[in-house]
Amino acid sequence: MGLRFGGRRGWHLMGSLEGRTVIVTGATGNIGALIARTLLERDAAVIAPSRSRERLDDLRAYLGDQVGQDKLSQLRTVIGDVGDDSSAAALGRRIGDQVGGAANGARGVDAMVASLGDFVAAPSLLGASTAELQRALDGYLLAHHRLARTFLPAIAESGGTYLFLQGPLAFDIYPGLGTDLISIATAAQHMLFRALARETEGNSATVAELVTHAMIRDRTAQPGSPIPADAVGPFAVDLLFGSHANLHGQSIHLTSADQTPRASPNL
């Protein structure tokens, strides 16, 4: 069972993150874009990889509207994917070029947000093909494993935070939505997180999981969402750079807007 924080006590929203660099995979999607927005607003540099130049251009346009052109200059986009081991290694080298030529792709990076997935709808598990299940596993479990193999060792060297992004489908079945394959794949992804957190226990990396219960589409909260869109980015960034004891290995469920960290006049 993950942690569900019921209030803001203990969460401290930091000020400027100037000089910090964060890789945000999935930045061209919904949650990733909201996190990238907050990072840019806080003056961090953001590296956003994607297979699609068109989606990166869309991200740049969205973020430009949200944060302005001055802060947008801190966004660096990289073409690449983690579809197989060689592609993941190539992506690591490209990102290494962005941060000063580090061969492993993450030295010099302060944190990483791992948000990947390929939504595979299946009205019936018994009617789903093995290929559809494999696609779901490829998009979540295997992609996250390749991402961690490529970047987590160097994040550990820098003493940074590696944050898995997760959804509630990993922890429950939602009948009638056609999401059972996603539940299976993301439940496996959750166990990957737990195993990696145990394996890296005692080194300088912090490995944590953020489970967002927000209903986000087109980077906007949908009716009935318990979390407003503007809450997700600040909460995630506070996990990356706030002062939180014993965060390593924790699965943190964001279930209420009351959990959103807010700047305190005492800080």
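Begin by selecting helix H7, residues 229–241, which is mostly covered, since 12 of its 13 residues are buried. The buried positions in H7 are Ala229, Ala231, Val232, Gly233, Pro234, Phe235, Ala236, Val237, Asp238, Leu239, Leu240 and Phe241. Before going further, keep in mind that the model on the screen is predicted.

**From H7 to H1**

Keep H7 in view and add helix H1, residues 31–41, which is likewise mostly covered, with 10 of its 11 residues buried. Colour Ile31, Gly32, Ala33, Leu34, Ile35, Ala36, Arg37, Thr38, Leu39 and Leu40 to see the buried residues of H1. The two helices H1 and H7 pack against each other at an angle of about 65°, and their axes lie 8 Å apart. That angle makes H1 roughly perpendicular to H7, and H1 passes H7 in a right-handed crossing.

To inspect the contact itself, show side chains on both helices: from H1, the residues involved are Ile31, Leu34, Ile35, Arg37, Thr38 and Leu39, and they meet Ala229, Asp230, Val232, Gly233, Pro234, Ala236, Val237 and Phe241 of H7. When looking down either helix, recall that an α-helix has 3.6 residues a turn, so residues three or four places apart point the same way.

**The two ends of H1**

Next, step back along the chain to Thr28, which sits in the loop between strand S2 (21–24) and helix H1. Thr28 has a relative accessibility of 10% and therefore counts as buried, the limit being under 20%. Leaving aside residues up to four places away in sequence, Thr28 touches Ser50, Arg55, Leu56, Leu59 and Arg219, and selecting these five together with Thr28 shows the surroundings of this loop position.

Then move to the other side of H1 and select Asp43, in the loop between H1 and strand S3 (45–50). Although Asp43 is not a glycine, its phi is positive, at about 80°. With a relative accessibility of 26%, Asp43 counts as partly exposed.

A second residue invites the same check of the backbone: Asp218, also not a glycine, has a positive phi near 55°. Asp218 lies in the loop between strand S8 (216–217) and strand S9 (220–221), and its relative accessible area of 65% means that Asp218 is exposed.

**Strand S7 and its partners**

Now select strand S7, residues 206–212, of which six of the seven residues are buried, so that S7 is largely enclosed by the rest of the structure. Which strands pair with S7? One partner is strand S6 (residues 161–166), which pairs with S7 in the parallel sense over six bridges. Between S6 and S7 the chain passes through helix H6 (residues 180–199), and this β-α-β crossover is right-handed. Another partner is strand S10 (residues 251–254), which is paired with S7 in the parallel sense over four bridges.

Glu209 is a convenient residue on which to centre the view, for Phe164 stands opposite Glu209 of S7, while Glu209 in turn stands opposite Ser251 in S10. While following these strands, bear in mind that in a regular strand the side chains alternate between the two faces of the sheet.

**Helices H4 and H5**

For a second helix pair, select H4 (residues 85–98) and H5 (residues 130–158), which pack at an angle of about 40° with their axes 10 Å apart. With that angle, H4 is oblique to H5, and H4 passes H5 in a right-handed crossing. Display Asp85, Ala88, Ala89, Leu91, Gly92 and Ile95 in H4, and the residues they meet in H5 will be Arg146, Arg149, Thr150 and Phe151.

While H5 is selected, look also at Asp138, which lies in this helix and counts as partly exposed because its relative accessibility is 31%. A distance drawn from the C-alpha of Asp138 to that of Gly117 gives 8.4 Å, for two residues that are 21 apart in sequence.

**The whole protein**

Finally, zoom out to the complete protein, which holds seven helices and 10 strands. Buried residues account for 50% of its 267 residues. Among contacts between residues at least 6 apart in sequence, 74% join residues at least 24 apart.

Key
Residues numbered from 1 in each chain as written. Predicted model: local features only at pLDDT ≥ 70, side-chain atom pairs only at ≥ 80, totals over all residues. Heavy atoms only, no water. Buried < 20%, exposed > 50% of the residue type's maximum accessible area, 1.4 Å probe, protein only. Pairing = 2+ DSSP bridges. Right-handed = clockwise from strand over helix to strand, strands pointing away. Axes fitted to C-alpha atoms, helices over the stretch in contact; angles between N-to-C directions. Parallel < 35°, antiparallel > 145°, perpendicular 65-115°, else oblique. Left-handed = near helix turned anticlockwise from the far one by under 90°. Contact = heavy atoms within 4.5 Å.
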